[in-house]
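Thanks for taking a look at this one with me. Here are my notes, point by point.

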Amino acid sequence: MSLRLNAPDAVRDTLDVVQTLYRFAAGIDLRDRALLSSAFAENAISDFRPAGAKAGFEYPVLQGRETIVEALSSSLAALDTTHSYSNPRVVVDGDTARVDVPVEAQHVLRVDAARQYLMKNRYDLVLAPHDAGWEIEHVIGDNVWRTGDPGVLGGI
């Protein structure tokens with residue numbers, strides 16, 4: 001449900017929010033720090049503790065765009081990844097968008113492609129419009145299922 005006054009605004013907002021999710025995924029997968037950075041608000045919060053706990057590792061809450069980009073870029077540097085979103089549910093309410101979206105995240109060691117770890121996660125996000133468009137203010141990642149070699153994520 002969108003509380004925007006006209007339907008074209010609601011559709012445009014929804015598409016812009018989904019494009020922000022795509023920048024998030026592509027920024028990680030392409031190792032493009034600028035693209036990844038463009039998806040996050042300056043004071044964003046990233047909380048992947050629920051997913052990490054289910055996968056058997058501790059991952060701290062990250063706060064701030066620069067901290068998030070640095071942590072993701074460095075912790076995933078030894079991996080090739082693909083992140084795929086499906087069935088995003090977007091609710092725009094004025095200047096806030098809430099998104100619930102399943103994410104499939106494949107992690108493959110660059111030095112040993114036989115070692116892989118596939119996670120199906122669920123992201124709960126809050127976004128807000130900024131000068132450059134919609135940006136992620138808060139994301140929580142939880143894990144639904146996983147398969148493969150969890151040691152692939154050993155450097156995280």
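1. What radius of gyration does the chain have, and what would a compact globule of 156 residues have? The chain has 16 Å, which agrees with the value near 15 Å for a compact globule with 156 residues. The radius is taken over C-alpha atoms, and the globule rule is 2.2 Å times the number of residues to the power 0.38. Along the principal axes, the C-alpha trace spans about 50 × 30 × 25 Å.

2. A word on the ground rules. This is a predicted model, in which local features need pLDDT of at least 70 and side-chain atom pairs count only at pLDDT 80 or more, while totals for chains, interfaces and linings use all residues. Residues are numbered from 1 along each chain as its sequence is written, and side-chain values use heavy atoms, with hydrogens and water left out.

3. On secondary structure, the chain has 4 helices and 7 strands (DSSP runs numbered from the N terminus: helices are H or I of at least four residues, strands E of at least two). From the N terminus on, the order is α-α-β-α-β-α-β-β-β-β-β.

4. Now to packing. Of the 156 residues, 43% are buried (under 20% relative accessible area, with a 1.4 Å probe and protein chains only). Among contacts with a separation of 6 or more, 59% join residues 24 or more positions apart; a contact means heavy atoms within 4.5 Å.

5. The accessible surface comes to about 8,100 Å², and carbon and sulfur atoms hold 52% of that (Shrake-Rupley method, 1.4 Å probe).

6. The rings deserve your attention. The count comes to 6 aromatic pairs (Phe, Tyr or Trp rings, the six-membered one for Trp, with centres within 6.5 Å; planes under 30 degrees apart are stacked, over 60 edge-to-face, the rest tilted). The rings of Phe-24 and Tyr-123 have centres 6.0 Å apart and planes at 35°, so this pair is tilted. It links distant parts of the chain, with Phe-24 in helix α1 (residues 7-29) and Tyr-123 in strand β6 (residues 112-130), 99 residues apart. Both Phe-24 and Tyr-123 are buried.

7. Tyr-123 also pairs with Tyr-85, edge-to-face, at 6.1 Å centre to centre and 75° between the planes. Tyr-85 lies in strand β3 (residues 79-85) and Tyr-123 in strand β6, so the pair ties together parts 38 residues apart in sequence. Tyr-85 and Tyr-123 are both buried.

8. To finish with the rings, which residues make up the cluster that ring pairs link? They are Tyr-22, Phe-24, Phe-40, Phe-48, Tyr-85 and Tyr-123.

Methods: Buried < 20%, exposed > 50% of the residue type's maximum accessible area, 1.4 Å probe, protein only.
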